[in-house]
Amino acid sequence: MFTHTHALQFEAKPDGPDPDLARKMQEILGGQWGEMTVATQYLLQGWNCRLPGKYKDMLLAIGTEELAHVEMIVTCIDRLLDHMPLKPDAADRSKEAAAGYGQHNPQHPLANGGGASYMDSMGNPWTGAYVTASGNLYADFAYNASAEMQGRLQVARLWNMTDDPGVKDLLRFLLTRDHMHQQQWLAAMEELKADGLDGIPVPEAFPLEEELPEFAYTFIDASDGPDAAAGRWASGPALDGTDNVLRAAPIAAHADAPILPPGDPRLYGTPPAPMTGLLQKAKDALK
């Protein structure tokens, strides 16, 4: 069950119209790493979570907060589109709006009546394909941390694209919350490990004895760059809690070159196979 409060979580009031900036802000609304993605992702993870308690509650709490961020960004975009000129020589255009006219998104006036929509800065519609909810909390939390990092990166770049004090106030808030949320997901991953629920490798519950030990701890160097194996990923204790040690080895073949049998002649592959005899064998195989 949801309720809505008309008051915003934080102010979203630019000092003046700017249709070009409105278009740019669409990226942090409806882009792959925008607020629509994280809001629906965290909520879906929470609704799907089969483990009652703190993890489910936390997911639903942050997902609902992210919906508040969606509302703030939509509000800011709407205000940036106030008094947007509808043609280059419009008499009512302000200096700020005129400066951004050539870079505005025509969908803002044409499809949305001067408002925001669930699309990115290039007009591509937001899609649920951006959302990940695997059912494995450790894997999802790691992905969520990356989402917050990518999102904060884009907001930080947007920060350098505007001098509007009101917009910068909103961006400052979003940057701050993304900072906190990065810590939140990393802390949640540590908590999962401390609670004995999951860890590296994901899924931890899959039996290690089913793996191939000669490949589980080996960095395969398939590059002619001299430093590919010069990091922690190729030496030192394994990170999965076992007594194994990471090492490096050059890439090598472990199987013969494949030789495929002739294809079904009814599919007319290349090279063509003689029909006599082979067709009868194919027919016999289907009996």
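Where is Glu148 found? In this predicted model, Glu148 is found in helix 6. I should like to begin with that residue and then move outward to the residues around it.

First, the annotation. The UniProt record, in an unreviewed entry, places the feature "binding site" at Glu66, Glu148 and His181. These positions are spread over 116 residues of sequence, yet they cluster in space, with a largest C-alpha distance of 11.2 Å. From this set, Glu148 is included in the lining of the largest cavity.

Let me now describe the surroundings of Glu148. Is Glu148 buried or exposed? Its relative accessibility is 2%, and because buried means under 20% relative accessible area, Glu148 counts as buried. If we leave aside neighbours within four places in sequence, Glu148 is in contact with Tyr42, Ile62, Glu66, Asp178, His181, Gln182 and Trp185. Two of the names in that list, Glu66 and His181, also appear in the UniProt feature. With the side chain of Tyr42, the side chain of Glu148 makes a polar contact at 2.7 Å.

I turn next to His181. This residue is found in helix 7, and His181 is buried as well, with a relative accessible area of 0%. Which residues does His181 touch, not counting those up to four places away in sequence? They are Ile62, Glu65, Glu66, His69 and Glu148. Here too there is a polar contact between side chains: His181 with Glu66, at 3.3 Å.

The next topic is the aromatic residues. How many aromatic pairs does the structure hold? There are 6. One of them joins Tyr55 and Phe141, with 6.2 Å from centre to centre and 40 degrees between the planes, and this pair is tilted. Tyr55 lies in helix 3, residues 54-80, and Phe141 in helix 6, residues 137-159; the two are 86 residues apart, so the pair links distant parts of the chain. Tyr55 is buried, at 4% relative accessible area, and Phe141 is buried at 0% relative accessibility.

Phe141 also takes part in a tilted pair with Trp185, with 5.1 Å between the centres and 40 degrees between the planes. This pair again links distant parts of the chain, since Trp185 belongs to helix 7, residues 165-194, and stands 44 residues from Phe141 in helix 6. Trp185 counts as buried, at 0% relative accessibility.

Taken together, ring pairs link Tyr42, Tyr55, Phe141 and Trp185 into a cluster. Two members of this cluster, Tyr42 and Trp185, are also contacts of Glu148. The aromatic cluster and the annotated position Glu148 therefore adjoin one another, where contact means heavy atoms within 4.5 Å.

Finally, a word on the cysteines. What number of disulfides does a search of the whole structure find? The search finds 0. Cys49 is buried, with a relative accessible area of 11%, and Cys76 is buried at 0% relative accessibility.

To summarise, the annotated residues Glu66, Glu148 and His181 cluster in space. Glu148 has a side-chain polar contact with Tyr42, and His181 has one with Glu66. Tyr42, in turn, belongs to the ring cluster with Tyr55, Phe141 and Trp185.

Notes: Residues numbered from 1 in each chain as written. Predicted model: local features only at pLDDT ≥ 70, side-chain atom pairs only at ≥ 80, totals over all residues. Heavy atoms only, no water. Phe/Tyr/Trp six-rings, centres within 6.5 Å; stacked < 30°, edge-to-face > 60°. Helix = DSSP H or I, 4+ residues; strand = E, 2+ residues; numbered from the N terminus. Buried < 20%, exposed > 50% of the residue type's maximum accessible area, 1.4 Å probe, protein only. UniProt positions renumbered as here; feature names shortened; annotations may be inferred. 1 Å grid on protein atoms, 1.4 Å probe; cavity = no way out; pocket = protein on both sides within 12 Å on 5 of 7 lines; lining within 4 Å. Polar contact = N/O pair within 3.5 Å; in protein donor to acceptor, adjacent residues only side chain to side chain. Disulfide = S-S within 2.5 Å.
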